[in-house]
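Open the model in your viewer and keep the sequence panel beside it. This tour goes from the whole chain to single side chains.

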Amino acid sequence: MNFLFVLAVGLVAGTISGIVGTGSSIMLMPVLIYQYGPKQAVPIMAVAAVMSNLSRILAWYRDVDWRACAAYSIPAIPAAALGARTLLVLPSRVVDISIGLFLIAMVPARHWLARHSLKLSLWHLAIGGAGIGYLTGIVVSTGPLSVPLFLFYGLTKGAFLATEAASSLGMYVSKSVTFQRFGALTPEVALQGLIAGSSLMFGAFIAKRFVLHLKPEAFRLLMDGIMLAAGFSMLWNAMQSQ
């Protein structure tokens, strides 16, 4: 039953992230932590995130802005590996608390970014990629930060979804390779990640038909709710492990 629950949540998370561009890790991570524990759940989610981003690229491959993708990814990929290495030396309870606080903090951070709308350049994407890449290595998902970055660059709808996914793909591959190199990504963990990722991929293709109908305000409220629920879930899990 727990296995089926992971798949069900993965399908819902994949569909939502396929519509709004992020959220799959935020939704699925609490379930994976409950099922496998935080240290095992993070590499599982890294593998699943590779598959999730790959599915969004396949769904919108004609719309990828490769210049923006390159500017973001070149610094983000090594930064994600450094962040993943940092994560592996942290205690599990610290991981839970860090992820929870980060997700909760992203709600006011996203509103602040929205109020200070700026037109970003490729250099801004590169600088943002370095910082977000490192954070992604540690805290599982930084979609709430990368989403406004690409939106302020000027990407929308299919172009935004495809480019954000292509840029994130390199980070999660780098993170997965780092986990494998340091023994955290065993064959069993990889298989669990592939199973969870398959439901995310299926959800992304379901989502494509809904993308053009989602109102901006609905997107913002959806992301705020997901981040708060997932953040408080992480903190609750940390308190239970005392």
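A crossing of two helices is right-handed if the near helix is turned clockwise from the far one by less than a right angle, and left-handed if anticlockwise. Keep that in mind for two of the stops below. Note too that this is a predicted model.

**Whole chain**

Colour by secondary structure. You should see 10 helices and 0 strands. Along the sequence the pattern reads α-α-α-α-α-α-α-α-α-α. Now colour by burial. Of the 242 residues in the chain, 53% are buried. Contacts reach far along the sequence: among those with a separation of 6 or more, 88% join residues 24 or more positions apart.

**Stop 1: H2 against H3**

Select residues 24-36 for helix H2 and 38-59 for helix H3. The two pack at an angle of about 145°, and their axes are 9 Å apart. Their crossing is right-handed. Show side chains at the contact. From H2, pick Ser24, Ser25, Leu28, Met29, Leu32, Ile33 and Tyr36. From H3, pick Pro38, Gln40, Ala41, Val42, Ile44, Met45, Ala49 and Ser52. By class, this contact of H2 with H3 holds 11 nonpolar residues, 4 polar and no charged.

**Stop 2: H3 against H9**

Keep H3 and add residues 187-207, which form helix H9. Here the angle is about 35°, with the axes 7 Å apart. The crossing of H3 and H9 is right-handed. On the H3 side, the contact residues include Pro43, Val47, Met51, Ser55 and Arg56. Facing them in H9 are residues including Val189, Gly193, Leu200, Met201 and Phe205. The contact of H3 with H9 divides into 16 nonpolar, 7 polar and 1 charged residues.

**Stop 3: the largest nonpolar core**

Which residues have the most contacts inside the largest nonpolar core? Select Leu28, Met29, Leu32, Met45, Tyr72, Leu125 and Phe179. The core has 58 residues. H3 gives the most to it, with 11 residues. In soluble globular proteins, nonpolar side chains tend to be buried together.

**Stop 4: glutamate 164**

Move to helix H8, residues 157-181, and click glutamate 164. Is glutamate 164 buried or exposed? Its relative accessible area is 3%, under the 20% cut-off, so glutamate 164 counts as buried. Now show arginine 56. The side chains of glutamate 164 and arginine 56 make a polar contact at 2.9 Å.

**Stop 5: serine 176**

Stay in H8 and go to serine 176. Serine 176 is buried, because its 9% relative accessibility is under 20%. Turn on the backbone of tyrosine 172. Its oxygen lies 2.8 Å from a polar atom of the serine 176 side chain. Beyond the neighbours within four places in sequence, serine 176 is in contact with Ala46, Val47, Val50 and Leu185.

**Stop 6: alanine 79**

Finish in helix H4, residues 66-88, at alanine 79. With a relative accessible area of 13%, under 20%, alanine 79 is therefore buried. Where are its contacts, leaving aside neighbours within four places in sequence? Select Ala130, Gly133 and Tyr134: alanine 79 is in contact with these residues. Then draw a distance from alanine 79 to glycine 129. The two are 50 residues apart in sequence and 8.3 Å apart in space, C-alpha to C-alpha.

Key: Residues are numbered from 1 along each chain as its sequence is written. This is a predicted model: local features need pLDDT of at least 70, side-chain atom pairs count only at pLDDT 80 or more; totals for chains, interfaces and linings use all residues. Side-chain values use heavy atoms; hydrogens and water are left out. Axes are lines fitted to C-alpha atoms, for helices over the stretch in contact, and angles run from 0 to 180 degrees between N-to-C directions. Helices (H or I, at least four residues) and strands (E, at least two) are DSSP runs, numbered from the N terminus. Contact means heavy atoms within 4.5 Å. Ala, Val, Leu, Ile, Met, Phe, Trp, Tyr, Cys and Pro count as nonpolar, Asp, Glu, Lys and Arg as charged, and the others, Gly among them, as polar. A nonpolar core is a set of buried Ala, Val, Leu, Ile, Met, Phe, Trp, Tyr and Cys residues joined through side-chain atoms within 4.5 Å. Buried means under 20% relative accessible area, exposed over 50%, partly exposed in between (1.4 Å probe, protein chains only). A polar contact is a pair of N or O atoms within 3.5 Å; within protein, one must be able to donate a hydrogen and the other to accept it, and residues adjacent in sequence count only if both atoms are side-chain atoms.
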